Amino acid sequence: MPSITDIAESLDATAEGGEQQLQIPETLPVLPLRDIVIYPFMIVPLFVSREKSIRAVDEALGENRMILLASQKDLDKEEPTGDDLYRVGTVAVIMRMLKLPDGRTRILVQGLTRAHLETVEEGGEYLRAKLSVMQEPPAPERSLEVEALVRNVRASMEKAANLGKNISPEVMAIVANLDEAGRLADLAASNLELKVEDAQSVLDIADTTARLRRVNELLNKEIEVLTVQQEINTQARADIDRSQREFYLRQQLKAIQGELGEGNELAEEIAQFRDKIEVAHMPKAAEDEALRQLKKLERMHPDAAETATLRNWMEIMTDLPWSKASTDNLDLKKAEEVLNEDHYGLEKIKERIIEALAVRKLKEKPKGSILCLVGPPGVGKTSLGRSIARALDRKFVRLSLGGLHDEAEIRGHRRTYVGAMPGRIVQALQQAATNNPLIMLDEIDKVGADFRGDPSSALLEVLDPEQNNSFRDNYLGVTFDLSNVMFMTTANVLDTIQPALRDRMEVIRLAGYTEEEKLEIARRHLIPKQLDENGIASRHLRISKGALAAVIQQYTQEAGLRQLEREIGAICRKVARRIAEGQNATVHVTPKNLHEFLGVSKVTPDEVLKKDQIGVATGLAWTATGGEVLFIEALRMKGKGTLVLTGQLGDVMKESAQAAYSYAKSRARELGIPEDDFNIYDVHVHIPEGAIPKDGPSAGITLATAIVSVLAQRPIRKDVAMTGEITLRGNVLPVGGVKEKVLAARRARVTKILLPHLNQRDMDEVPKELFGEIQFIFVDSVQQVFREALKDKVTPPASGSARPKPLTLPVPTSSH
């Protein structure tokens with residue numbers, strides 16, 4: 001094995017053009033380099049930390065101290081292969097080696113010659129390459145091109161040093177005295193701090209003239225960059241000279257304030273505010289106002305009352321994200337994946353959101369509509385907004401408007417009031433720290449109004465795309481552009497929203513979930529969430545599908561999922577207690593043992609009637625919490641033809657009952673009702689659960705069916721439910737909430753539903769699986785309703801027919 005002294009003598013002889021040549025083996029260990037390219041005759045210290053690289057160094061030291069240095073194409077790759085290395089490297093000799101305490105190795109290497117990597121062996125403990133030495137043809141003697149290139153390189157190196165390039169005087173001295181053209185090119189390239197790609201392009205060239213030409217190009221490019229950099233520095237220096245006068249005056253002002261006994265805290269704050277104003281990139285009007293108020297603050301005494309007010313105003317002004325915006329992620333596939341990951345079902349809503357994102361992708365600043373998600377509590381309105389923000393990579397801020405009465409909560413208070421603050425919109429922007437967050441205005445249907453103003457009217461400006469680009473907050477006193485903000489609102493009902501405000505929003509309805517959807521959501525989201533919140537591993541608890549269905553049917557009665565999540569949480573807490581007491585066996589929850597965890601059933605499921613009855617009709621109603629089945633009872637009794645209504649009916653429902661009674665009276669003969677009955681019988685209509693107020697227009701045909709049934713003594717089919725409004729002429733008018741009502745009928749095991757004909761257009765919203773379980777009949781007139789819902793008149797038994805014998809009890813009888 002040659003010693004380091006032998007290698008050094010060979011290097012000197014080679015460098016001086018002597019005849020002695022250093023023998024390079026055909027294979028050498030390879031040391032991959034991350035961010036450096038080493039040229040022949042360069043002496044460079046290297047730190048080696050990767051395991052394979054350390055083994056390669058040890059192997060080289062054990063053989064002949066020679067190692068092949070090759071640069072990586074991908075700097076971040078931790079375990080490079082042969083394909084990840086450039087094909088031209090430098091054979092180098094390890095001159096010194098030092099093991100460091102942290103496990104790394106420090107080596108000092110000197111490049112010997114260029115080499116081409118033929119093949120790389122990757123299977124061992126280190127990379128080893130078969131190489132071929134690249135012979136460097138000498139430059140043509142007395143060549144005019146070579147002489148010109150050498151002079152250009154020397155002049156360019158000197159010019160770069162004069163322009164501020166960090167080149168040491170020793171290197172410049174070597175450049176001035178180095179005659180060998182190839183070494184001059186390598187020396188110049190090694191001192192230019194080139195990118196790896198550019199430095200490798202120089203190493204790849206073996207021809208001396210071509211290499212000099214390439215280095216000369218890189219030098220000229222570097223000089224151009226240095227020239228522009230010097231111009232920028234010169235311009236900046238002129239700006240500094242211009243501001244030195246202001247600095248000198250401010251220092252004098254600071255000294256005067258110190259002599260007067262005033263602190264320097266205010267001056268420091270003013271300097272900070274001035275820096276923040278420059279960084280904020282406010283609009284011209286806002287920046288002028290901020291600077292004007294800042295000058296006013298400079299002249300104030302630190303202890304003045306107005307100083308604190310102005311300080312707070314300046315802090316809010318400079319903290320607002322005037323020009324800071326997050327970059328939207330407009331990848332529609334990723335957005336769809338996020339929505340599907342967070343929410344099961346809701347296909348139409350997801351489609352509408354993807355469409356809105358597609359428009360944003362095609363147009364930079366679209367004036368899209370404001371989405372208003374309307375639905376019962378617990379169906380995922382707020383979480384849907386959070387998912388949209390996550391899909392867009394935007395900040396999400398939720399503002400609850402429930403119970404809001406003061407207009408200043410939206411527009412802010414004027415600074416003249418004590419304790420004045422900006423409105424919630426500006427506070428949300430300050431919290432988000434970007435000017436394009438997604439702001440969710442929750443419970444917009446519960447905004448109130450009183451003597452302090454109407455917040456709904458203030459929201460008109462916020463939610464109008466034509467106006468919110470110049471939203472003016474009373475506290476700020478300047479306009480702020482809200483056109484980049486994506487607003488979404490949520491509501492349980494639309495009736496309480498101001499019509500002008502409703503007109504500015506696109507309403508998307510979220511109805512309740514079917515049992516199948518609730519089962520799937522519980523399996524995908526609710527159970528894993530509750531397991532995590534209660535510290536339970538999935539192996540400790542197994543809830544069967546039947547048990548989940550029983551929880552939904554017997555322990556919850558809701559359109560959303562909140563009560564279902566609470567019941568699942570109750571099961572998890574029972575299991576958590578068992579685990580904490582040392583019982584680690586897996587708990588299986590089935591319909592049979594469900595009562596052990598949740599107790600007796602909390603909800604009696606709505607079911608259809610057991611048999612056909614006279615005067616009992618099954619109706620469908622819509623509530624803020626979803627659909628419900630409503631049984632309407634009617635009976636006749638001796639009287640004077642009065643219609644009696646009980647059950648806390650509202651005015652609309654009372655009018656529907658009166659219209660149904662009037663219709664029955666006008667068509668008595670057609671309906672098979674003796675006309676005298678209206679004079680000798682009173683009709684009493686009652687809707688059970690009298691403690692609950694009831695109102696709405698959709699019970700008209702149900703009331704009519706119950707009244708006609710009791711007057712004509714015709715039973716009503718037990719498996720038929722209905723909804724629709726009635727007119728005096730007997731027409732059936734359309735109603736709302738069709739999906740919610742159908743879901744309620746499905747829960748009650750109804751098999752036939754009568755709907756107004758015009759509601760046929762709403763069937764797209766009904767889940768497809770219900771069409772196989774329920775027969776839908778669409779009616780135009782109340783006569784069709786009677787044909788479908790009423791059976792033939794019950795015939796009383798003949799006088800001569802046998803009557804059932806009365807039940808005889810073994811007790812003394814008493815007269816009644």
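Is cysteine 572 buried or exposed? Select cysteine 572 in your viewer, and you will find that this residue is buried, with a relative accessible area of 0%. Before going further, keep in mind that what you have open is a predicted model. Now select cysteine 372, which is likewise buried, its relative accessible area being 0%. If you wonder about sulfur bridges, the structure holds 0 disulfides.

**Helix H12**

Next, select residues 347-362, which make up helix H12, a run of 16 residues that reaches 23 Å from its first C-alpha to its last, close to the 22 Å expected at 1.5 Å a residue. Colour Ile349, Lys350, Ile353, Ile354, Leu357 and Arg360 within H12, since these residues are buried. They lie on the same side of H12, because they cover an arc of only 135 degrees around the axis. The general background is that an α-helix has 3.6 residues a turn, so residues three or four places apart point the same way. Turn to the other side of H12, where Glu347, Lys348 and Leu362 are exposed. To see what covers the buried residues of H12, display its surroundings, among them helix H11 (332-342), strand S7 (370-374), helix H13 (381-392), strand S12 (486-491) and strand S13 (505-509).

**Helix H13**

Helix H13 is the next stop, and its 12 residues should span 16 Å at 1.5 Å a residue, which agrees with the 17 Å between its end C-alpha atoms. Within H13, select Lys381, Leu384, Gly385, Ser387, Ile388, Ala389, Ala391 and Leu392, which are its buried residues. The elements covering them include H11, H12 and S7, together with strand S8 (396-400), strand S9 (438-442) and S12. Just after H13 comes aspartate 393, whose phi is positive, near 60 degrees.

**Strands S8 and S9**

Move on to S8, where the side chains alternate: Val397 and Leu399 point to one face and are buried, whereas Phe396, Arg398 and Ser400 point to the other and are not buried. This fits the general rule that in a regular strand the side chains alternate between the two faces of the sheet. Add S9 to the selection, and you will see two strands that run parallel and are joined by 5 bridges. Within this pair, valine 397 stands opposite isoleucine 439 of S9.

**Three residues in loops**

Which residue in the loop between S9 and helix H16 (455-462) should you select now? Choose glutamate 443, which lies in that loop, and note that its phi is near 55 degrees, a positive value in a residue other than glycine. Glutamate 443 counts as partly exposed, at 24% relative accessibility.

For another residue with a positive phi, go to glutamate 193, where the angle is about 55 degrees although the residue is not a glycine. Glutamate 193 sits in the loop between helix H5 (181-190) and helix H6 (196-203), and it is exposed, with a relative accessible area of 60%.

Finish at aspartate 481, found in the loop between strand S11 (479-480) and S12, where it counts as partly exposed at 29% relative accessibility. Show its neighbours: leaving aside residues up to four places away in sequence, aspartate 481 touches Lys365, Asn468 and Asn469. A polar contact of 2.6 Å also joins the side chains of aspartate 481 and serine 483. Lastly, draw a distance from the C-alpha of aspartate 481 to that of asparagine 436, and you will find 9.8 Å in space, although 45 residues separate the two in sequence.

Notes: Residues numbered from 1 in each chain as written. Predicted model: local features only at pLDDT ≥ 70, side-chain atom pairs only at ≥ 80, totals over all residues. Heavy atoms only, no water. Helix = DSSP H or I, 4+ residues; strand = E, 2+ residues; numbered from the N terminus. Expected span 1.5 Å × (residues − 1). Buried < 20%, exposed > 50% of the residue type's maximum accessible area, 1.4 Å probe, protein only. Arc of directions from axis to C-beta. Contact = heavy atoms within 4.5 Å. Polar contact = N/O pair within 3.5 Å; in protein donor to acceptor, adjacent residues only side chain to side chain. Pairing = 2+ DSSP bridges. Disulfide = S-S within 2.5 Å.
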